[in-house]
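Please open the structure in your viewer and keep the selection tool at hand. We will go from stop to stop, and at each one I will tell you what to pick and what you will find there.

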Amino acid sequence: MLGARTSRLPSTARAQHLWFELYWLFALSADEPSALPEKQNSKLIIMPERAIEEYRIADEPYYLPVDHEVDLFAAAHAAHLPVILKGPTGCGKTRFVEHMAWRLERPLITVACHEDLSATDLVGRFLIEGEETVWHDGPLTLAVRHGAICYLDEIVEARKDTVVIIHPLTDHRRRLPIEKRGTILDAPADFMLVVSYNPGYQSILKDLKQSTRQRFVAIDFDYPPPDTEAVIVAREGGIDEGTARDLVLIGQKVRNLRGHGLEEGVSTRLLIYAAQLIALGIPPTRAAEVAMCSPITDDRDLQRSIREIVTTVI
Ligand SMILES: Nc1ncnc2c1ncn2[C@@H]1O[C@H](COP(=O)(O)OP(=O)(O)O)[C@@H](O)[C@H]1O
Ligand SMILES: [Mg+2]
């Protein structure tokens, strides 16, 4: 049994972890029946960071479909395919995943990726707690264990060795090696891996490798078309649709400045921020300036151009 387990790890990993793994595989635990009887007093406790129930979404997150993304995502889930959501920041990717998790009745575990995120952070670690050594599932392991949707936000920010950990989960194997415990977790049918990626930010140094990206089906996101965006801004910002349409028009004109020094256009999120300020009594021009001008650029000339757009529209 022990041999069968360890031999499923690559040989280098096996060598590195042999001593440690032997210790743990011999230590008794609730879910490791192969452990040896003489160590029956020591305990290995499996401790999820948070109970999976906390990741269930009870109320429908508001999401206005733009294209066929709802059907596509549901089909990918049914076909056990991982999905990559591509698009600029603040255009609805996170809200969409939340909506789909609710629709498919799956818990949603979101991880904001960053350059210090290690494979251990995702998979889990042993922690000494008093007399006991407690295994803590990382978010990815927790999601696989419970057939949840795991959403890795801005995957490209994660370290390369961290990204590699998802590879066996994203092809026909659908399994997660937990090297530290010498086990492999097979993903249940309901488990789904979703990652997001903003193509606008990428440089040669920070790009998703083909070996990673070719494991996903991709759904492209962009700012919603004007009529749809106005409905969203009015509803989320709590303002009338006429004012929302003005904000959307400003948004469109500002987005046209991309390629004229502006890195990325103003997001739907920022249009909603402006709307929220207006709903609280801030004059529309002031609200548009603080939400849609200063946040997106430090360039004085561009800021002046945006302010001109605001005053001509409102
Ligand atoms: N299609 C949509 N339906 C409903 N709300 C949307 C939609 N697109 C964007 N939003 C709004 O825009 C905000 C920002 O979107 P978010 O999902 O956080 O962006 P992203 O994850 O792409 O950065 C959301 O909180 C939501 O209020
Ligand atoms: Mg997001």
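**First stop: a hairpin**

Select β7 (175-178) and strand β8 (residues 183-186): the two run antiparallel and are joined by four bridges. Strands and helices here are DSSP runs, with E of at least two residues for a strand and H or I of at least four for a helix, numbered from the N terminus. Two strands count as paired if DSSP finds at least two bridges between them. Label R175 and you can look across to D186, its bridge partner in β8. Four residues separate β7 and β8 in this hairpin, and G182 in the turn has a positive phi of about 65°.

Before moving on, a word on what you have open. This is a predicted model, in which local features need pLDDT of at least 70 and side-chain atom pairs count only at pLDDT 80 or more, while totals for chains, interfaces and linings use all residues. Residues are numbered from 1 along each chain as its sequence is written, and chains are lettered from A and ligands numbered from 1 in the order in which they are written.

Now step back to R174, in the loop between α7 (160-164) and β7. R174 is not a glycine, yet its phi is positive, about 45°. How buried or exposed is R174? It has 18 C-beta neighbours inside 10 Å, so it counts as partly exposed. (Buried means 20 or more other C-beta atoms within 10 Å of the residue's own, exposed 12 or fewer, and partly exposed in between, with C-beta atoms placed from the backbone.)

**A second hairpin**

Next, pick strand β4 (residues 124-129) and strand β5 (residues 132-137), an antiparallel pair joined by six bridges. I128 has T133 as its bridge partner in β5. The hairpin leaves two residues between β4 and β5, and G130 in the turn has a positive phi of about 65°.

**The open sheet**

Zoom out to find an open sheet of five strands, paired in parallel, in the order β3-β6-β9-β2-β10. β3 (108-112) and β10 stand at the edges with a single partner strand each, so one side of each has no neighbour in the sheet. From one strand to the next, the twist averages 20°.

Inside the sheet, select β2 (residues 83-86) and β9 (residues 192-197), which run parallel and are joined by four bridges. Highlight L85, whose bridge partner in β9 is S196. Then add helix α3 (residues 69-78), which packs on the sheet, touches β2, β9 and β10, and makes about 165° with the direction of β10. That angle is taken on a scale from 0 to 180 degrees between N-to-C directions, with axes fitted to C-alpha atoms, for helices over the stretch in contact.

**Three loops beside the sheet strands**

Where does H80 lie? Look in the loop between α3 and β2. H80 is not a glycine, but has a positive phi of about 65°. With 15 C-beta neighbours inside 10 Å, H80 counts as partly exposed.

Move to F216, in the loop between α8 (210-213) and β10 (217-220). F216 has 22 C-beta neighbours inside 10 Å and so counts as buried. Beyond its neighbours within four places in sequence, F216 is in contact (C-beta atoms, placed from the backbone, within 7 Å) with P82, V83, I84, T170 and V195. Draw a C-alpha to C-alpha distance from F216 to L85: it is 9.4 Å, across 131 residues of sequence.

The third loop lies between α4 and β3, and holds P107. P107 counts as buried, with 20 C-beta neighbours inside 10 Å. Setting aside residues up to four places away in sequence, P107 touches I52, Y55, R56, H146 and A148. The C-alpha atoms of P107 and E53 are 7.3 Å apart, although their positions lie 54 residues apart along the chain.**Last stop: ligand 1**

Finally, select ligand 1. Which residues come nearest to it? Of the 18 residues around ligand 1, these are G92, K93, T94, R95 and R269, where a residue is near if its C-beta atom, placed from the backbone, lies within 6 Å. α4 (93-103), α9 (226-237) and α11 (268-279) are the elements that give two or more residues to this shell. Domain 2 (49-220) and domain 3 (226-313) both contribute residues to the shell, so ligand 1 lies between them; the domain bounds come from an automatic or database domain assignment.

How values were computed: Contact = placed C-beta atoms within 7 Å.
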